[in-house]
Amino acid sequence: MNVDDISRVAVLGAGNMGHGITEVVALAGYDVTMRDIEQELVDDGYESIEWSLEKLAEKDRLDESPEAILDRIETEVDLETAVDDADLVIEAAPEKMDIKKDIFSDLDAFTPDHAILASNTSSLSITEIATATDRPDQVVGMHFFNPPVKMDLVEVIYGEQTSDETAEAAYEFVNAIDKTPIYVQKDINGFVVNSVLGPFGDEAGWMVSEGVATIEEVDAAMVHRRGYPMGPFELGDLTGIDIGYHVRKEAGKDVPPIVEEKVEAEELGQKTGKGYYDYEDGDGPTYEAGQGEDVDTLRIEARIINEAAKLIGDDVATADAIDTGMKLGAGFPEGPCRRADKIGLDVVLEKLESLYDEYGHERYEPSDHLRDLVEAGHTGEDAGRGFYEYGDSGERHYSTIEYDLSEDGLLAVTLDRPERLNALNQDLMDEVVHLLDTVDTDDVRAVTFEGTGDRAFSAGADITGFSGIEPHENEPTEFFQAVAEYPRPTLAKIDGFCLGGGHELALACDLRIATENSEFGFPEIDLGLIPGGGGTQRTIRMLSDARAKELVFRGNRIDAETAEDWGLINRAVPADEFEATVEEFLDDLLTGPPVALRKAKRVMNRGRDQDIDAGLELEAQAFGHLLGTEDMQEGAAAFMEDREPEFEGR
């Protein structure tokens, strides 16, 4: 079996996961049968798919009508009928091993011999499930995350006897349905994401139980200082405190007293109205920016990093797979391996050793792989190597961009942070600069920039990197300058949001082509900031004074048609004409005279920008000053807390 052999899929289960997976498969163009044990359950699941497709259609997120997608979905109650012609079966039944094994035993009898049998389990052993069949080599885990329509990640898990052929077919199928797969190469409890995520809540629980910090302080520190989308306790309330409790108990791990207390009191989070926070008589999380300044966040992150190191050392997953999984599956602002390389693996090891000396508990015992890296001098980015390779040569691991240099000289750069709508962070900007600095310019005729997915070119700068920054005098940002001054024509391929720093990246390019559903704007003013990457200077030179100031002062978005009318972009085209229009432009750039194009760009830019250096310096200085104002801190906090800011002019 390979992915090309898969034409018909069966999904077993019509609950939240089952109907979500069914919808995803149908959206990708596959014929799919959704089956559950009762007609009412099947009908409810189908109605949920109908509702979801209508919502996607309202947001213009579908390439075809909801009716056309629904035509590919059949429903069934009889198991044998549902799977008798399936090439791939994805089981999404309740998380009970007996139920899973009964289903897989029946599947072994009812499905074609070639069929791949996959389980969507989030915690149960694929190896044990496979024992219910006579084809354990064709049994694989495919762990989708909830809700499947929105969440991009799928863990592809090997059982002990899963063949490479089966795992590779499952992996490629995930790609085919427009999701992101990662391999989990060994069947361990928790797989990758839940294993690495565990210490996030666990260590926070121990810290509060010991009295070294409060719930609010820990949550505030992890959100506002370290950039996580939720604090550990806020996340526990959302997912259910009892869920993490039972996972720890089943794994034979000690449970922090604060967790025990909540479970015993049946205060399990949002679903019971009260957990770590009050949702009945209160407003939920009560932490604020500024709390938790003294919280030892490294204590939590060191354990997360150590868990990742264990998985790498045990050949369960690669650093890249772990980082991808944690960003897409858990919403981490950056992968733990990449963050560890910034912190320094020696610093992480020292923290774990001090905790182990103090508490003597195995949860703090450093992994062999972490020790080996540090002993070899591979302590992270500053050392040139840690979990990843760094350095000034072209041989460098890029975690936030992808690129391809074609034989005809097109350097295609893709911003690859879909979990953040391709928002710019320091890693992404550093990697683009490194790429442009190290690629052989003689091999390049033109450069394109685009964003992963169809939702955003780039939604701006990553706001999680703003909090806590002191005021300072900025130099004009190297990233935007590197793009603007690159000695080859550059073109921004814009599909979706093009906002803030993403908008400034597009403006730094020579040419801009956008789909009609794209939106442009500078929302920085709502954060108490101004565009800091050339936005104020490039717009004032491209647009009329009034229109440039409207964009910056009001912070509102404009659509692609307006952007074209104003002269902000070259073309606004329907989505189905986008690639063809881009190709027309690129054909001229790639076949045109390189020296003349280089000279034309240089002369036109310098003639237009004879006074831009002074303007950029003023902009950068103002931006640096604003980063430290109370208004900016209020704007950033309001954004993180999803509320309106209250600016006081300080």
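This briefing covers salt bridges, one arginine site, two sheet regions and two helix pairs. The model is predicted. It holds 37 salt bridges, and three of these pairs are described below, followed by a network of charged residues. The later sections turn to Arg248 in helix H11, to an open sheet of four strands, to strand S4 with its covered faces, and to the packing of H9 with H10 and of H14 with H15.

**Salt bridges**

- Side chains of opposite charge can pair when their charged atoms come close.
- Lys55 and Glu58 form a salt bridge through their side chains, with an N to O distance of 3.9 Å. Both residues belong to helix H2 (residues 39-58), where they are three residues apart, about one turn of the helix.
- Lys55 has a relative accessibility of 34% and therefore counts as partly exposed. Glu58, at 59%, counts as exposed, because the cut-off for exposed is over 50%.
- Asp108 and Arg135 form another salt bridge, at 2.9 Å from N to O. This pair links distant parts of the chain, 27 residues apart: Asp108 sits in helix H5 (residues 97-110), and Arg135 sits in the loop between helix H6 (126-130) and strand S6 (139-144). Both Asp108 and Arg135 are buried.
- Glu579 and Lys493 also form a salt bridge, and their closest N and O atoms are 3.2 Å apart. Here too the pair links distant parts of the chain, with Glu579 in helix H24 (residues 578-591) and Lys493 in strand S13 (residues 490-494), 86 residues apart.
- The relative accessible area of Glu579 is 39%, so this residue is partly exposed. Lys493 has a relative accessible area of 9% and is therefore buried.
- One network of salt bridges with shared partners takes in Arg226, Glu301, Glu334, Arg338, Arg339, Lys342, Glu381 and Asp427.

**Arg248 and its surroundings**

- Arg248 lies in helix H11 (residues 241-250). Its relative accessibility is 13%, so Arg248 counts as buried, the cut-off being under 20%.
- The side chain of Arg248 makes a polar contact of 3.0 Å with the side chain of Asp202.
- With neighbours within four places in sequence left aside, the contacts of Arg248 are Gly198, Gly201, Asp202, Lys253, Asp254, Val255, Pro256 and Val259.

**The four-stranded open sheet**

- Strands of a sheet pair through backbone hydrogen bonds, either parallel or antiparallel.
- Four strands make up an open sheet in the order S12-S14-S16-S17, and the pairing is mixed. Strands S12 (456-458) and S17 (557-559) are at the edges; each has a single partner strand, so one side of each is left without a neighbour in the sheet. From one strand to the next, the twist averages 20 degrees.
- Strand S14 (residues 497-499) and strand S16 (residues 519-521) run parallel and are joined by three bridges. Cys498 is placed opposite Phe520 in S16.
- Helix H20 (residues 500-508) lies across S12, S14 and S16, and runs at about 90 degrees to S14.

**Strand S4 and its partners**

- Strand S4 (residues 88-91) is covered on both faces, with Leu88 and Ile90 buried on one side and Val89 and Glu91 buried on the other.
- Four bridges pair S4 with strand S1 (residues 8-12) in the parallel sense. Val9 has Leu88 in S4 as its bridge partner.
- S4 also pairs with strand S5 (residues 116-119), again in the parallel sense and over four bridges. Ile90 has Ala118 in S5 as its bridge partner.

**Two helix pairs**

- Two packed helices are described by the angle between their axes and the distance between the axes.
- Helix H9 (residues 215-225) packs against helix H10 (residues 232-239) at about 100 degrees, with the axes 7 Å apart. H9 and H10 are therefore roughly perpendicular, since angles of 65 to 115 degrees count as such.
- At this contact, Ile215, Val218, Asp219 and Met222 in H9 meet Pro232, Phe233 and Glu234 in H10.
- Helix H14 (residues 319-330) packs against helix H15 (residues 336-343) at about 110 degrees, and their axes are 7 Å apart. H14 and H15 are therefore roughly perpendicular to each other.
- From H14, the residues Ala319, Ile322, Asp323 and Met326 meet Pro336, Cys337 and Arg338 of H15. Arg338 is also one of the residues in the salt-bridge network.

Key
Residues are numbered from 1 along each chain as its sequence is written. This is a predicted model: local features need pLDDT of at least 70, side-chain atom pairs count only at pLDDT 80 or more; totals for chains, interfaces and linings use all residues. Side-chain values use heavy atoms; hydrogens and water are left out. A salt bridge is a side-chain nitrogen of Lys or Arg within 4 Å of a carboxyl oxygen of Asp or Glu. Helices (H or I, at least four residues) and strands (E, at least two) are DSSP runs, numbered from the N terminus. Buried means under 20% relative accessible area, exposed over 50%, partly exposed in between (1.4 Å probe, protein chains only). A polar contact is a pair of N or O atoms within 3.5 Å; within protein, one must be able to donate a hydrogen and the other to accept it, and residues adjacent in sequence count only if both atoms are side-chain atoms. Contact means heavy atoms within 4.5 Å. Two strands pair if DSSP finds at least two bridges between them. Axes are lines fitted to C-alpha atoms, for helices over the stretch in contact, and angles run from 0 to 180 degrees between N-to-C directions. Angles under 35 degrees count as roughly parallel, over 145 as roughly antiparallel, 65 to 115 as roughly perpendicular and the rest as oblique.
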